[in-house]
Amino acid sequence: MSSTNSQVPEDLKARMKESYDAIATEYNSRFVRDDDAIRLDYLERLFQRLRENGKQDATVLELGCGAGIPGTRTLLENKSPSFSVTANDLSTTQIDLAKKNLEAYSERLTLVQGDMLQLSFEDGSLDAVVGFYSIIHLPREEQTVLLHKIAKWLKPDGFLLANFSKEELPVAIDENWLKQEKGWVFWSGWGSEKTLKIVEDAGFEVLIKEVKQDVKDAAFLWILAKVK
Ligand SMILES: C[S@@+](CC[C@H](N)C(=O)[O-])C[C@H]1O[C@@H](n2cnc3c(N)ncnc32)[C@H](O)[C@@H]1O
């Protein structure tokens, strides 16, 4: 990931869609594992909290679900609570892969292609919102807007589980991420301290805040938070 001082491109979402459509297969083969310890560990901690709140059935939104593995599938396979899942992604290729990978669960799954910032849900309608390695692709000002939206969509005591850039990252662009010719990819973030403040200001109580080093070259701030 290389940092630049350039501004956020106006056609960011169109470019990101085009990029992930082109690099989805390479991304998935490099980073997606059925037994990925970090994603599965945080999901289990979310499930535990929902069980403690007495949830048998729950509604969850996944932002930037990719091909649905392992995140979306783990949500759909879970028994306690049993989830109805809305899974969103900007990339048509990723959504098509998720549809194929999650065919067995189609009765409890709604796939929504598009920019996560354009989603809308009724206030107080979701038990949880999760996002793995996806909110980091929004410009950081949009991340703030999204966190306020999520706080409204969640039921009282609803949960947010997501990871963010540990570092302050106004704009970071790699023209050829994963050495891909069409791998133009954008990331952004407020850094750990400011992100936690923004999450709290949006109306959450932070339950877990941990920096995790990924297998590869990056470390992220992981947050599990509850609407106050
Ligand atoms: C790094 S991948 C993570 C995929 C999956 N969550 C995982 O854990 O492997 C980021 C995903 O976010 C999606 N994405 C990027 N920008 C997005 C946006 N504005 N709205 C929705 N999805 C977006 C990409 O298409 C891609 O599938």
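Across which strands does helix 4 lie? The legends below, which describe a predicted model, begin with the sheet and return to this question in the second view.

**View 1. The open sheet and its edges.** Seven strands form an open sheet in the order 3-2-1-4-5-9-8, and the pairing within this sheet is mixed. Strand 3 (109-113) and strand 8 (204-213) stand at the edges, and because each has a single partner strand, one side of each is left without a neighbour in the sheet. From one strand to the next, the twist averages 15°. Strand 8 is joined to strand 9 (residues 219-227) by nine bridges in the antiparallel sense, and within this pairing F204 has V227 of strand 9 as its bridge partner.

**View 2. Helices 4 and 5 against the sheet.** Helix 4 (residues 92-101) lies across strand 2 (82-89) and strand 3, and runs at about 165° to strand 3. Helix 5 (residues 140-153) also packs on the sheet, where it touches strand 1 (57-63), strand 4 (126-131), strand 5 (154-165), strand 8 and strand 9. The direction of helix 5 makes about 155° with that of strand 5.

**View 3. Strand 4 and its two partners.** Strand 4 is mostly covered, with six of its six residues buried. Strand 4 runs parallel to strand 1, to which four bridges join it, and in this pairing E62 stands opposite V130 of strand 4. Strand 4 also pairs with strand 5, again in the parallel sense, over five bridges, and here G131 stands opposite A162 of strand 5. Together with helix 5, strand 4 and strand 5 make a right-handed β-α-β unit.

**View 4. The span annotated as a domain.** An unreviewed UniProt entry places the feature "domain: Methyltransferase" at residues 60-158. In the model, the end C-alpha atoms of residues 60-158 lie 10 Å apart, and the span is 31% helix and 28% strand.

**View 5. The buried side of helix 6.** In helix 6 (residues 192-201), the buried residues are S192, T195, L196, I198 and V199. These residues cover an arc of only 160° around the axis, and they therefore lie on the same side of helix 6. The buried residues of helix 6 pack against helix 5, strand 5, strand 7 (185-190), strand 8 and strand 9. Just after helix 6, G203 takes a positive phi of about 115°.

**View 6. The surroundings of R140.** R140 belongs to helix 5, and because its relative accessibility is 13%, R140 counts as buried. When residues up to four places away in sequence are not counted, R140 touches E168, L169, P170, S188, G189 and W190.

**View 7. The surroundings of M16.** M16 lies in helix 1 (residues 12-31), and its relative accessibility of 3% is the reason why M16 counts as buried. When residues up to four places away in sequence are not counted, M16 touches L90, H137, W184, V185 and F186. For one of these residues, L90, the C-alpha atom is separated from that of M16 by 7.8 Å, although the two residues are 74 residues apart along the chain.

Note on methods. Residues are numbered from 1 along each chain as its sequence is written. This is a predicted model: local features need pLDDT of at least 70, side-chain atom pairs count only at pLDDT 80 or more; totals for chains, interfaces and linings use all residues. Side-chain values use heavy atoms; hydrogens and water are left out. Two strands pair if DSSP finds at least two bridges between them. Helices (H or I, at least four residues) and strands (E, at least two) are DSSP runs, numbered from the N terminus. Axes are lines fitted to C-alpha atoms, for helices over the stretch in contact, and angles run from 0 to 180 degrees between N-to-C directions. Contact means heavy atoms within 4.5 Å. UniProt positions are given in the numbering used here, feature names are shortened, and annotations may be inferred rather than shown by experiment. Buried means under 20% relative accessible area, exposed over 50%, partly exposed in between (1.4 Å probe, protein chains only). A crossover is right-handed if, with the strands pointing away from the viewer, the path from the first strand over the helix to the second runs clockwise. The arc is that of the directions from the helix axis to the C-beta atoms.
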